[in-house]
Amino acid sequence: MEIVMAFVCGFLFMAAIYLILSRSLLRIIIGTGLLSHGAHLLILTMGGLGGESPPVLGEGVTDYADPLPQALILTAIVISFGVTAFFLVLAYRAYQELGTDDTTKMKGSDEDD
Amino acid sequence: MQVLAIFIPIIAAILLPFLFKQIRAIHTGWFVLLVPLALLGYYTSFIKQTINGESAVAVMEWIPSLDISFSSYLDGLSILFSILITGIGSLVVLYSIFYLDKTKEQLHNFYVYLLMFMTAMLGVVQSDHVITLYLFWELTSISSFLLIGYWFNRDKSRFGALKSMMITVAGGLMMLGGFVLLSLMGGTFSIRELIVQAPSIASHDYFVLALVLILLGAFTKSAQFPFYIWLPDAMEAPTPVSAYLHSATMVKAGIYLVARFTPIFALSEVWVWLVAGIGLLTLFWGSLFASKQTDLKGILAFSTVSQLGLIMSLLGVAAMAFHVEDAAGTVFKYAGFAAIFHLINHATFKGSLFMIAGIVDHETGTRDIRKLGGLMSLMPVSFTVALIGSFSMAGLPPFNGFLSKEMFLTGMLSVKEFGLFNFETFGVLFPIIAWVASVFTFVYSFYFVFKTFTGKLQAAKLPKKPHEAPVGMLVSPVILAVLVVSIFFIPNLIGDLFVKPAVAVIQPFLYSSPDEVNIAVHAWHGFKPEFWMTVGIVAVGLLLFLLLPKWQKVYRIIPEWLSLNKLYDFMMNTVLDTLMERFSNLYMTGSIRKYLTYMFAAIVSIVIGTLFIKDAFALSFENVSPIAIYDITLIAVLVIGTLTTLFAKSRITAIVGLGAVGYTVALFFVIFNAPDLALTQLVIETISVALFLMAFYHLPKLSRVEERMRFQVGRAIIAIGVGAMVTLLALSAHSQKLVESISGYYKETVYSLAGGGNIVNVILVDYRGFDTLFEITVLGIAGMGIYAMIKLRLSRKEKSNENE
């Protein structure tokens, strides 16, 4: 399963980078969303997917899933939500002010300095 | 105390701005004057040690872990320079008090730079540690830059400041390279210890490379050919600065360096040829072009270049003594003595001449020699001082320049007797070139003094009505002129006090203590070749000076575009500004996509490169968990969702695709025994999708022209590269465990230490509680940012709203 998940993570990253390198702000934001999903799965995969039960203490359970990657991911999920929300509003405001969502058109030229 | 003394000027500089602002009635210079005077007294007290060949050492640790320390090593050579720095420094500060108007000038800036320079220069001549020596060396370049650019609203000042900085700092960097090589070869940073190891260093492969690099530093600083071009442009500095930095002290740092490293490098043929040859060329070149100048300070600048070349060439000849058996008994002993003696003399007469040039500028309003003339009767004191300085520079008795010039000729004559390194063929050129250069020195010395002070007064051309300078301004040049004359009568006292201790340091292969330097200076030593050479210099020099108006035109034959200055301008403007800017613009396009492409490409190549170089890639099928049927289903959904976002025609489809991926990830969390993650992911994903839809409602439709993203090969390659990198990384990370996971600790102690059962939650709120706190802070900041952005309206719009 870990081997397969490694390829899934790679696929997610690939799609995310392809989107991030586009001109449209919307696609860049979607790309960052995909990127964070890929990163979360990557952390989980690297820690190992074994373990028979969730990392909660229970009677007679010895084989827990690794709790550390989960703790990291929990933080990351929340942060990535904050980033996505910030990006969205930024894109929305940029579009309102500049009238475009194309990053090449947003680029400042030397005359603007 | 000894190390601290180096830093006294810069510490005093901190107080100056307050003194300048608070006490306007008294010229700030009077407070500054105390610093060099006190230090002069302090360093004078060391003379009684150095004349016996002793030295005083003090060390202050700076970065012990890197073996870097500040040190103050006072031997004959360092003391001579320290006294020059503080002595001339005192006179220059005194002079500047009358030169710079306290009501018009930004005195605190000026004196802060000047004191900074003083610390830097003392540091250069006293450091025994090559790295701190380099540090102070560059600090002199920086303070020189600031002082040249002191009148920063003048274009020429800024140009001159930049030029001196570019050339001297470039040389300084070369020197640093040489120092590093040298300390690698010797295994120590201490110059004294390096000197002890000189024979073993000399056989090293990098010996000549280190030698050339260090010489580059010395030659750029001491304005040797072809690097001298910065010095004439540095004359834009206020005259006290020119007198101090650009004639008496800073430009002699290169001389100091060559003298200091002579014991290490003297046995090299390259060293002898470079130092003696470049020195002689500079002497000739500078003297030749001094008479071309029309600016008083320009003449002095070229004359300084020429005289520095003279001292440099003598040091080259001094290194020859290393190769001669029993040199202390032969004619080869004179060059080293002459170098140091002339260094002292040059500081006295050139300092006074610079101050006179400043006085002429101050009182007449111009430094253009074509407008000057006939000032003799109006400025008798200045004229006398100028006459003494010029005659000394020309090498006439009864002034100190005569003595060192004679000894210089002796040194140059000795070269033709040197039988090694092809000098038997070329050695005869040395006295000839030296003689020709001396003739031109004679010509420009006379040109300087007589064109300014004799002839017809052209009052109409002068911006001011000329009159004698105030007494205070004359004090310093008069003191120097008195020294010029008195050194002529007491040369052997100067020799015992300053020259011999320094010579013993430069030529340890000749003398073990200053007493062994058996040289006495005489004004008259019979009808020897030196005497006839001097007679020839005076005769031919006088003739050339009288005919100067006739042949001065010759200088115009050399076209402007062929000069070294043009080369510098070409380097700065064409190569650096235009070409480099074009090169930068080639990749710095301002496009975020380009930059991201560079970054991703770099990450991919670094990570994959490391994987292969370190042979870190591994693939193991052990410890893998089984694949169930619902896993396959989820993966299929995830892939389809991702593809949807890639190929979506409308934004709603893209959002739905992203949402599908997010929910699938949540389901993955369920499968992988991470219920907390799954819950969080579900909640966050729901909010995210809602937010996306809300925001997208206001956002433009995906461009109609470009409904589907066009496939771009470059992007695809980068994307696939990153994907492959992540896959390889994940496989390697899974397949090999180099260190024990720290998760075990949490599992074991979660109940006993934190009293909780849900390990993930306990990690978040207890073990890593601060992480969570900061996470909340980040969210808070993001929230504030979002709020601010929604409230923010660009000012232009606000105004139009108000108008409505």
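The following exercises, each with a worked solution, concern a predicted model of two chains, A and B.

Residues are numbered from 1 along each chain as its sequence is written, and chains are lettered from A and ligands numbered from 1 in the order in which they are written. Because the model is predicted, local features need pLDDT of at least 70 and side-chain atom pairs count only at pLDDT 80 or more, whereas totals for chains, interfaces and linings use all residues.

**Exercise 1. Describe the side of chain A that touches chain B.**

Solution. Begin with the contact, for which two residues must have C-beta atoms, placed from the backbone, within 7 Å. Chain A contributes 72 residues and chain B 82 residues. Next, assign the chain A residues to helices, which are DSSP runs of H or I with at least four residues, numbered from the N terminus, while strands are runs of E with at least two. Helix 1 (2-20), helix 2 (25-47), helix 3 (67-98) and helix 4 (103-106) of chain A each supply at least two residues. The largest share, 23 residues, belongs to helix 3 of chain A. Finally, sort this side by class: 48 residues are nonpolar (Ala, Val, Leu, Ile, Met, Phe, Trp, Tyr, Cys and Pro), six are charged (Asp, Glu, Lys and Arg) and 18 are polar (the others, Gly among them).

**Exercise 2. State how confident the prediction of chain A is.**

Solution. Take the pLDDT, the predictor's confidence in each residue from 0 to 100. Chain A averages 84, and 94% of the residues score at least 70. By element, confidence is highest in helix 1 of chain A, at 92, and lowest in helix 4 of chain A, at a mean of 73. Over residues 109-113 of chain A the value is below 50, and this stretch has zero contacts in the model beyond near neighbours in sequence. Where pLDDT is low, the predicted coordinates should not be read in detail.

**Exercise 3. Locate the largest nonpolar core and follow B:Leu315 to helix 13 of chain B.**

Solution. A nonpolar core joins buried Ala, Val, Leu, Ile, Met, Phe, Trp, Tyr and Cys residues through C-beta atoms within 7 Å. A residue is buried if 20 or more other C-beta atoms lie within 10 Å of its own, exposed if 12 or fewer, and partly exposed in between. The largest core has 212 residues, and B:Leu315 is among those with the most contacts inside it. Helix 16 (residues 334-364) of chain B gives the largest share, 18 residues. B:Leu315 touches residues including B:Ile255, B:Val258 and B:Ala259, leaving aside residues up to four places away in sequence. Helix 13 of chain B spans residues 253-265, and a kink of about 25 degrees (the angle between axes fitted to the seven residues ending there and the seven starting there) lies at B:Ala259, shortly before B:Pro263. Because 13 of the 13 residues of helix 13 of chain B are buried, this helix is largely enclosed by the rest of the structure.

**Exercise 4. Examine the backbone in the loop between helix 10 and helix 11 of chain B.**

Solution. Most residues other than glycine have a negative phi, and most peptide bonds are trans. B:Ala223, in this loop, has a positive phi near 50 degrees. With 30 C-beta neighbours inside 10 Å, B:Ala223 counts as buried. B:Pro226 is placed in the loop between helix 10 (207-221) and helix 11 (230-233) of chain B, and the peptide bond from B:Phe225 to B:Pro226 is cis, with omega near 0 degrees.

Key. Expected span 1.5 Å × (residues − 1).
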